[in-house]
Number of protein chains: 2
Amino acid sequence: MEQAKTKKRSSKGGAAEHDVIILGAGIAGSMLGAILARHGAKTLLIDAGAHPKFAVGESMVPYTLLTLRSVSRRYDVPEIATLSSFDDCMKNINSSFGWKKNFGFIRHEEGQEPNWWEATQFNTPGVFNKTGHLYRQDTDAHLFNVAVKYGAEPLLGYLVSEVDIDDDRVAVRGSDGSEHTARYLVDASGFRSPVAEKFGLREQPSRLRHHSRSIFSHMIGVKPSDDVFWHSDAQRPPVRWHDGTMHHLFDRGWFWVIPFNNNPHSSNPLCSVGVTMDERVYPKPDDMTAEEEFWSWVDKFPAVRRQFAEARSVREWVSTGRLQYSATSSVGPRWCLMSHAAGFIDPLFSRGISNTAEVINALSWRLLAALRDDEFTRERFEYVERLEQGLLDFNDALVRAAFISFDHYELWSAVFRIWAYGSVVGANRVQQAMTAAHRTRSDEPFLALEDPPHVGLWWPDHDEYRRVFDLMVQQTDAVDAGTVSPDQAAETLFAELKAADWMPPFMFPDVEHRFLRPTSKTLARMFSWAAFQAPAQVRGLFLGQAQEVGRSLAVGRKPF
Amino acid sequence: MEQAKTKKRSSKGGAAEHDVIILGAGIAGSMLGAILARHGAKTLLIDAGAHPKFAVGESMVPYTLLTLRSVSRRYDVPEIATLSSFDDCMKNINSSFGWKKNFGFIRHEEGQEPNWWEATQFNTPGVFNKTGHLYRQDTDAHLFNVAVKYGAEPLLGYLVSEVDIDDDRVAVRGSDGSEHTARYLVDASGFRSPVAEKFGLREQPSRLRHHSRSIFSHMIGVKPSDDVFWHSDAQRPPVRWHDGTMHHLFDRGWFWVIPFNNNPHSSNPLCSVGVTMDERVYPKPDDMTAEEEFWSWVDKFPAVRRQFAEARSVREWVSTGRLQYSATSSVGPRWCLMSHAAGFIDPLFSRGISNTAEVINALSWRLLAALRDDEFTRERFEYVERLEQGLLDFNDALVRAAFISFDHYELWSAVFRIWAYGSVVGANRVQQAMTAAHRTRSDEPFLALEDPPHVGLWWPDHDEYRRVFDLMVQQTDAVDAGTVSPDQAAETLFAELKAADWMPPFMFPDVEHRFLRPTSKTLARMFSWAAFQAPAQVRGLFLGQAQEVGRSLAVGRKPF
């Protein structure tokens with residue numbers, strides 16, 4: 001990257017004190033601030049509070065890791081990649097992290113013990129995925145400190161009262177009457193975004209179709225999930241539930257259980273815990289505190305009750321209203337709404353940090369170029385908006401489909417597979433670009449990832465995958481409307497998966513294969529399928545991964 | 001300790017839901033909460049906020065270590081002792097800690113480079129003192145989690161609107177209208193203590209004689225102190241300034257520099273930074289922000305300016321008014337004001353955690369006994385009040401003397417030695433009791449430490465030390481009044497130290513011996529002096545330490 005400094009004091013922008021003002025010094029604002037400052041942009045990072053800050057959103061997926069690593073390499077900020085590795089977090093941040101070897105899901109019914117066969121688990125090879133449960137107060141402070149280290153100027157405890165966006169600069173005024181000006185404004189705050197408010201950008205009502213609310217906290221004394229299920233050894237998954245992110249599913253809702261204390265290296269006794277449910281089906285009660293309502297949910301499910309029998313919260317409980325919000329637009333001349341200022345869906349599928357990193361990836365080079373050219377038109381940033389809206393809409397559709405499916409194991413299993421496979425191949429696609437960028441020492445492979453036909457979908461350039469994704473949405477909608485039975489919908493979707501030439505004919509489309517674990521044998525079979533049977537596009541995506549595994553083995557790292 | 005539970009549901013206290021309510025879940029409330037819960041007391045731990053919380057007060061002294069270890073062993077809460085050891089903090093909490101191998105002080109004058117000879121440093125043997133700069137947000141959350149783990153019930157985000165103390169119970173009412181009752185109330189909040197407010201306990205005006213205010217934050221990019229002094233190797237202390245807590249002294253004020261990044265194991269890039277000054281001499285300006293005023297102080301001293309040349313704050317700056325406050329009384333029937341709710345002096349000499357632990361030590365067994373007897377008279381807790389008031393008054397006198405001395409190196413050097421020696425011997429006194437308690441498996445040696453003639457002084461049972469302490473106060477008062485010259489006062493005090501039979505005749509009373517470092521040779525000389533020349537009381541205090549050193553060497557630990 002060229003330094004953005006070169007043209008920064010042009011006649012046009014000369015009046016502004018800063019190149020960029022970022023509102024919000026959380027993980028998004030800090031990550032972007034670090035990148036901009038690293039490339040010489042004079043960046044002011046404003047926050048109403050300061051670190052340490054409590055935050056949830058601790059769970060990572062392989063796609064998140066690769067997005068973080070891409071951003072880190074592309075913009076030469078090694079500290080960002082730290083977040084993608086459990087080992088690096090423990091070494092470079094501190095010993096507060098859980099490790100994550102799986103995504104686990106099990107279905108519950110009120111008053112019932114969960115059936116062992118109504119479970120799914122998704123493991124990924126350790127070489128790509130030795131990832132963690134992020135202790136967000138520490139990762140977020142880490143990135144903030146990195147931003148400051150690279151030269152971003154922090155302005156903390158600062159309450160923004162007004163935002164002005166003129167033709168030639170932006171101005172932020174504080175409740176203390178002071179004013180700060182810049183050439184560009186990024187709003188990385190959240191739901192209460194000053195820019196969204198100024199321009200009336202919050203959709204009312206929101207176009208989003210998914211509905212949920214959440215109650216959450218951090219707890220101590222949470223038992224490992226494995227200890228609370230009455231299943232025999234043969235009925236259990238190959239990797240302990242406790243070694244990953246546990247989801248207890250129920251009709252139109254789910255619990256998350258994200259332990260930080262699930263490995264011998266961690267000194268953190270806490271566990272992130274929350275329950276999320278459709279607020280139309282389960283309206284927020286008037287006569288209970290957040291904590292009382294949480295326990296009333298726990299009491300419904302015997303195994304969950306055992307898991308929390310000795311647990312106590314170490315924070316006040318947060319009970320939200322509907323979580324979903326969106327914006328009609330997320331970029332304009334001299335401004336951008338980033339990530340959670342633009343919209344939010346649901347913590348399911350752990351999209352928070354992944355979306356943030358993806359948006360930062362698309363925004364950063366555009367913004368650095370705009371600073372060099374001193375030109376900040378809406379058009380330059382139009383793709384960022386398309387990306388943000390696409391991420392929001394596809395995630396909305398996926399989470400809605402999942403919620404509808406939760407009460408029927410086979411239907412959930414189909415949704416789970418469509419999600420998991422897209423996530424694997426999407427991650428391979430990013431890995432391929434990263435490898436190519438490294439080999440060619442060029443930014444071209446990253447640029448080539450942009451603007452695919454289905455922007456915002458994990459695997460965004462494959463029409464057949466998109467068609468099956470849409471079929472999943474259509475089928476779950478029909479189940480919701482009562483026009484198709486869940487059995488029928490599940491059958492339809494599994495038939496599609498079995499017939500697909502872009503998915504290996506084993507493991508993924510096999511409803512009996514509940515625990516998706518890429519062992520050496522399965523991986524070898526998958527690579528062989530990719531090499532000799534898969535269509536060209538898919539072949540490339542898998543063989544790139546095969547090369548990476550080979551490379552890791554060559555340097556003595558364990559791939560699993 | 002017997003379990004407090006035995007009698008807890010007597011007829012008298014039967015109406016109360018809890019045994020003890022603690023207001024404030026900071027380090028003090030959490031430490032006490034852990035102890036009470038550990039011994040079966042039903043404890044409610046109330047806080048208006050939640051962790052993580054920013055806090056300053058990161059510096060430890062040998063006396064603090066021993067007080068923490070005493071409390072930890074006496075009340076069987078091993079997690080408290082973690083705070084006393086750098087290694088244990090890094091292992092059991094996380095890698096955010098600085099280490100501390102010295103207390104360093106150097107005198108500055110406006111616009112001048114500091115003279116190498118106007119420096120003092122105090123190292124203590126590693127075996128007693130491998131201590132850390134506590135990253136308070138993590139130590140405090142650690143202790144809070146421990147309290148919850150042992151069964152203290154947390155009530156967070158709870159705003160107390162009213163406190164009622166009746167004959168047979170206490171009641172705390174929240175802004176939400178709810179009420180919580182207990183048999184005893186501990187107010188471990190701080191300046192804005194609800195109990196102090198209810199009973200009008202804040203002294204107005206305060207009896208305290210010391211005056212100061214402070215400006216502080218956490219910074220990144222602070223240079224090691226050693227890199228900013230233009231001194232030759234021969235002029236430097238034996239231990240790097242950067243390896244400890246640095247004090248830049250100036251006329252009626254001082255900076256603290258407490259790095260968390262001064263060791264190869266720490267992943268924390270921050271440094272705690274503050275400046276404290278007599279607010280009568282330097283009134284708080286109306287026309288500057290806290291940050292502007294901080295930099296105006298930095299600009300006065302060239303070496304300090306170099307140290308902060310590339311430093312930036314990662315928090316909003318806090319600028320306080322006068323720091324000193326006190327209470328007319330700190331215990332009553334069914335209530336106690338603890339530690340910082342009772343009063344505060346100044347961060348100089350790092351008394352915060354030490355006082356807190358000492359008060360908890362005196363309060364805990366009394367409170368557990370009172371719970372068993374179901375009797376909570378003022379008389380039972382009277383010693384806790386005397387201790388708290390004594391700690392406050394002696395610290396007030398010491399800090400005031402130090403501030404007066406800062407502008408005259410020899411006078412400061414005398415005050416420094418009186419403080420340092422008292423602190424060493426006081427720590428030996430606690431160590432001796434701890435060893436005896438361990439050997440006899442009895443609480444008697446801890447009880448025997450209580451109620452000495454000079455309660456609140458570090459070395460509280462030695463009349464001659466007290467006489468010299470008083471002389472130091474009287475002499476510095478006279479310097480302040482202009483009736484004695486600083487030269488004269490320094491001479492008077494050094495003459496006393498040289499003549500004292502309770503202080504070794506080398507190192508401590510020698511003004512040329514600027515860096516107090518107990519090497520093997522010096523320690524051997526000190527133990528020999530203690531064995532053959534010192535009065536009986538002093539002999540015992542040192543020879544107990546000699547045994548400890550011997551024991552450490554025997555198990556292969558390095559004493560230095």
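In the predicted model, 100% of the interface residues of chain A are also interface residues in chain B, so the copies meet through the same surface. The contact involves 30 residues of chain A and 30 residues of chain B.

The symmetry of the pair was examined by superposition. A turn of 180° with a shift of 0.0 Å along the axis lays chain A on chain B with an RMSD of 0.0 Å. The two copies are therefore related as by a two-fold rotation axis. Within chain A, Asn94(A) has the C-alpha nearest this axis, at 2.7 Å from it.

About 2200 Å² is buried between chain A and chain B, and carbon and sulfur atoms give 52% of this area. Of the area that chain A buries against chain B, 24% is supplied by Pro52(A), Asn145(A) and Arg312(A), more than by any other three residues.

Polar interactions across the interface were also counted. Between chain A and chain B, 10 residue pairs are in polar contact, with both residues at pLDDT 80 or more, whereas the rule finds 0 salt bridges across the interface. On the side of chain A that touches chain B, two or more residues come from each of helix H4 (86–93), helix H6 (136–149), strand S7 (153–155) and strand S15 (312–313) of chain A. H6(A) gives the most to this side, with 5 residues. By class, the side of chain A that touches chain B comprises 12 nonpolar, 11 polar and 7 charged residues.

Methods: Residues numbered from 1 in each chain as written. Chains lettered and ligands numbered in written order. Predicted model: local features only at pLDDT ≥ 70, side-chain atom pairs only at ≥ 80, totals over all residues. Heavy atoms only, no water. Contact = heavy atoms within 4.5 Å. Buried area = accessible area lost by both parts, 1.4 Å probe. Salt bridge = Lys/Arg side-chain N within 4 Å of Asp/Glu carboxyl O. Polar contact = N/O pair within 3.5 Å; in protein donor to acceptor, adjacent residues only side chain to side chain. Helix = DSSP H or I, 4+ residues; strand = E, 2+ residues; numbered from the N terminus. Nonpolar A, V, L, I, M, F, W, Y, C, P; charged D, E, K, R; others polar. Least-squares fit on C-alpha atoms with pLDDT ≥ 70 in both.
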